[in-house]
Amino acid sequence: ECLQDGPELLNEYYGSLGTTCLHLFQTVTGGLEWRHIVNPLIDHISPWMAIVFCFYIVFTSLALMNFVTGVFVETALQRGREDKDVYMINHLRELFGKLDEDHNGQISWTEFEGNLKEPRLLTFFKEIDIDISEA
């Protein structure tokens, strides 16, 4: 690319909003080398445009990485919450089975009150943010 081709390259890369956005997208995603798109800016507008262009690349790359990381973290947190819920349901079923001492399918107040010091019951109440004195 020689210096005389500058205005044509400027028009090719930055001739309209659509082509400018396409070429900027291509530079971020690796579809177009930076030097091809930044050289006309440096040669025919200002060398400072290279710094502006680099800031654009850095900002866009960091924003993209932040977005992707956020999606992965949110997915992991959601799965963790789902796993905890499943664990709590299974744990609760087992715990209530143990509390039902006469095996009639119901927990009476006497059965419940007699097991208030049970460590697994205390742990369950702590997990659902209930103070044992409120139970």
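1. In which helix is Arg-35 found? In this predicted model, Arg-35 belongs to helix α3, which covers residues 34–44. Its relative accessibility is 48%, and for that reason Arg-35 counts as partly exposed, given that the partly exposed class lies between 20% and 50% relative accessible area.

2. The side chain of Arg-35 also takes part in a polar contact, in which its partner is the side chain of Glu-33, at 3.1 Å. As for its place relative to Leu-95, the two residues are separated by 60 residues in sequence, and their C-alpha atoms lie 67 Å apart in space.

3. A second point concerns helix α4, which spans residues 48–99 and includes Val-68. With a relative accessibility of 37%, Val-68 counts as partly exposed, and together with Leu-64, Phe-67, Val-71 and Phe-72 this valine makes a nonpolar surface patch of about 510 Å².

4. Glu-111, found in helix α5 (residues 109–114), deserves a separate remark. Glu-111 is buried and yet has no salt bridge, since Lys-98, the nearest side chain of opposite charge, is 13 Å away, whereas a salt bridge would require the charged atoms to be within 4 Å.

5. What does the side chain of Glu-111 reach at 2.9 Å? It reaches the backbone nitrogen of Ser-108. When neighbours within four places in sequence are left aside, the residues in contact with Glu-111 are Leu-99, Asp-100, Glu-101, Asp-102 and Gln-106.

Definitions and conventions:
Residues numbered from 1 in each chain as written. Predicted model: local features only at pLDDT ≥ 70, side-chain atom pairs only at ≥ 80, totals over all residues. Heavy atoms only, no water. Patch = residues over 30% accessible without salt bridge, like charges linked within 9 Å, V, L, I, M, F, W, Y side chains within 5 Å. Areas by Shrake-Rupley, 256 points an atom, 1.4 Å probe, with all protein chains shown as cover. Helix = DSSP H or I, 4+ residues; strand = E, 2+ residues; numbered from the N terminus. Buried < 20%, exposed > 50% of the residue type's maximum accessible area, 1.4 Å probe, protein only. Polar contact = N/O pair within 3.5 Å; in protein donor to acceptor, adjacent residues only side chain to side chain. Lys, Arg positive; Asp, Glu negative; His and termini not counted. Contact = heavy atoms within 4.5 Å.
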